[in-house]
Structure formats: structure tokens, C-alpha cells
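Trainee: I would like to request a close look at a single part of this model. Please treat the strand in question together with its surroundings.

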Amino acid sequence: REVQEWAEVLKKFPNARRLPGKMLIGKKGWGKPDWKWKARFVARGDLVRDITGQIIREAVEHKVPAHLAAVRLAFALSLLFPSGVVLDGDVSGAYLTATLDGPPTYLELEWEMMPEEWRRRKHPVCRIWTGLYGLQRAGHGWGKKCEKCLFRLGYQKVAQSDEHTIYIRPVKTKSGKTEQVLIVVYVDDFL
């Protein structure tokens with residue numbers, strides 16, 4: 001995506017928001033023989049600013065992750081059935097796969113991370129089109145996308161439950177029996 005001047009963005013989108021980004025670098029598996037460096041670029045969601053430069057708190061409806069009790073229940077249910085199996089998975093870069101909704105949002109880079117051509121500008125920014133970790137709206141966008149995909153695959157929310165991220169779907173086995181597949185979603189992890 002292309003770099004723009006913040007002043008030009010404001011002329012086009014008076015409700016635009018801007019925030020800084022930050023590179024986090026750490027050691028994953030430190031102390032183990034196969035440790036490695038891990039880096040993630042994150043949005044400073046605590047520093048979202050409006051057109052006047054004031055820090056704002058975005059009111060966002062979140063998809064609440066499943067409670068730990070729900071995760072434990074899923075494990076317990078798997079033990080009650082002869083064919084009960086628990087599988088788990090992580091959606092790599094989940095927030096990055098979801099479209100960012102809401103007001104146009106622009107990212108400011110730290111001076112050390114700016115490409116050379118950005119440094120010649122007064123206030124360079126770049127529009128964010130997908131969620132970034134650290135941005136409140138990113139979790140909301142990912143939750144909506146996840147739910148939409150599960151519904152498309154035939155899953156339904158578990159009825160009469162306070163949990164909003166537990167889904168169930170009947171499946172036919174090779175022997176012709178109908179069994180239930182239960183999915184518990186915790187942020188970007190599936191159980």
C-alpha cells in the first residue's frame with residue numbers, strides 16, 4: 001500500500017484515525033536447544049488518535065473468547081464417548097486475515113522502520129486494511145470472520161449457553177452413525 005500525508009488523509013476522511021506501530025522481538029523457546037527469534041509488528045491500540053490528535057478509546061463489540069470452563073467441558077465430553085477425540089489448532093496470523101471495519105485507520109511507523117522515501121515527508125501514514133495485533137477492532141473483525149466461516153461449514157452456536165464461541169455440527173461416520181463435532185474457539189485457537 002502507498003504512503004500518504006496525514007494532512008491529505010484528513011481532507012478526504014475527516015473521521016480517520018491514526019496510531020503508531022511497534023516491532024516486538026523476542027526469543028521463543030529460550031533455554032531449549034531449538035529456540036528461535038520471533039518478531040511481530042503490532043499496532044499501539046492504546047494510542048489511537050482522532051483528527052484533533054486526541055487519544056480515543058474505541059467502543060467495540062467483541063466476540064468473547066470461551067471461558068476456561070468451556071475448554072475443560074470439551075475435554076470431559078470427549079472422554080464420555082468411545083470415539084471421542086480432541087484436536088487443537090492455531091490460526092496463524094488470524095487477525096491479519098480479517099478485514100478491518102470502522103473508520104479509516106492509518107499507521108505511523110517509527111523513524112527507524114521508515115523506508116527512506118517516507119522520511120522526506122512531513123507526517124507519513126499508511127492505511128491499514130486488515131487487522132493488526134494490538135488494535136481493538138482487529139479482534140472484532142477476526143471474530144466475525146471466524147463465525148461466518150463456521151456457519152458456512154454447517155456449524156451452529158450451542159443453544160442455551162452463555163458462551164458465544166462454542167459451535168456444534170452433526171456429521172455422519174463411515175458406519176452411518178451421526179456424531180457431533182464440537183468446536184471451542186479461544187481467540188485464534190481451536191479445540
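How many bridges join strand β2 to β5, and do the two run parallel or antiparallel?

Mentor: The structure is a predicted model, and the description below should be read in that light. Strand β2, residues 17-28, is joined to β5 by four bridges, and the two strands run parallel. One point of contact can be located by residue: R18 stands opposite Y106 in β5. In general terms, the strands of a sheet pair through backbone hydrogen bonds, in either a parallel or an antiparallel arrangement.

The other partner to consider is β6. Three bridges join β5 to β6, and here the strands run antiparallel. L107 stands opposite C126 in β6. Strand β5 therefore takes part in a parallel pairing with β2 and an antiparallel pairing with β6, given that two strands pair if at least two bridges are found between them.

The side chains of β5 can be sorted by direction. T105 and L107 point one way, whereas Y106 and E108 point the other way, and all of these residues are buried. Y106, which stands opposite R18, and L107, which stands opposite C126, thus belong to opposite-pointing sets, and both are buried, that is, under 20% relative accessible area.

After β5 the chain enters the loop that lies between β5 (105-108) and β6 (124-128), where M113 is placed. E110 is also in this loop, and K22 is in strand β2; the pair links distant parts of the chain, 88 residues apart. The link in question is a salt bridge between K22 and E110, in which the closest N and O atoms are 3.1 Å apart. Why does K22 count as partly exposed? The reason is that its relative accessible area is 32%, which lies between the limits of 20% for buried and 50% for exposed. E110 is likewise partly exposed, because its relative accessible area is 29%. A search of the whole structure finds seven salt bridges, and the K22 to E110 contact is one of these.

The loop also contributes to the surface. M113 is partly exposed, because its relative accessibility is 30%. Together with M23, I25, W30, W35 and W37, M113 makes a nonpolar surface patch of about 680 Å². W37 is placed in strand β3 and counts as exposed, because its relative accessibility is 56%. The patch therefore includes a residue of the loop after β5 and a residue of β3, since nonpolar side chains are joined within 5 Å.

Strand β3 has a second surface role to report. K28, K36, K38 and R40 form a positive surface patch. Strand β3, residues 36-43, supplies the largest share of this patch, namely three residues. K36 is one residue that lies in β3, as does W37 of the nonpolar patch.

Beyond this strand lies another salt bridge, between D46 and R44, with the closest N and O atoms 2.8 Å apart. Both partners are partly exposed: D46 because its relative accessibility is 37%, and R44 because its relative accessible area is 29%.

For context, a separate description is needed for another sheet. An open sheet of five strands has the order β4-β10-β9-β8-β7, with antiparallel pairing. Its edge strands are β4 (89-90) and β7 (156-157), each of which pairs on one side only. At one edge, β4 pairs with strand β10, residues 189-190, over two antiparallel bridges, and G89 stands opposite F190. At the other edge, β7 pairs with strand β8, residues 166-172, also over two antiparallel bridges, and Y167 is the bridge partner of K157.

Within that sheet, β8 and strand β9, residues 178-186, are paired in the antiparallel sense over seven bridges. V171 has E179 in β9 as its bridge partner. The two strands form a hairpin with five residues between them, and G176 in the turn has a positive phi of about 95 degrees. E179 also forms a salt bridge with K177, the closest N and O atoms being 3.8 Å apart. E179 is partly exposed, because its relative accessible area is 25%.

A distance relates the two regions: the C-alpha atoms of W37 and Q156, 119 residues apart along the chain, are separated by 39 Å.

How values were computed. Residues are numbered from 1 along each chain as its sequence is written. This is a predicted model: local features need pLDDT of at least 70, side-chain atom pairs count only at pLDDT 80 or more; totals for chains, interfaces and linings use all residues. Side-chain values use heavy atoms; hydrogens and water are left out. Patches are made of residues with over 30% relative accessible area and no salt bridge: like charges are joined within 9 Å, nonpolar side chains (Val, Leu, Ile, Met, Phe, Trp, Tyr) within 5 Å. Accessible areas come from the Shrake-Rupley method with a 1.4 Å probe; for residues, only the protein chains shown count as cover. A salt bridge is a side-chain nitrogen of Lys or Arg within 4 Å of a carboxyl oxygen of Asp or Glu. Lys and Arg count as positive and Asp and Glu as negative; His and the chain ends are not counted. The place of a charge is taken as NZ of Lys, CZ of Arg, CG of Asp or CD of Glu. Buried means under 20% relative accessible area, exposed over 50%, partly exposed in between (1.4 Å probe, protein chains only).
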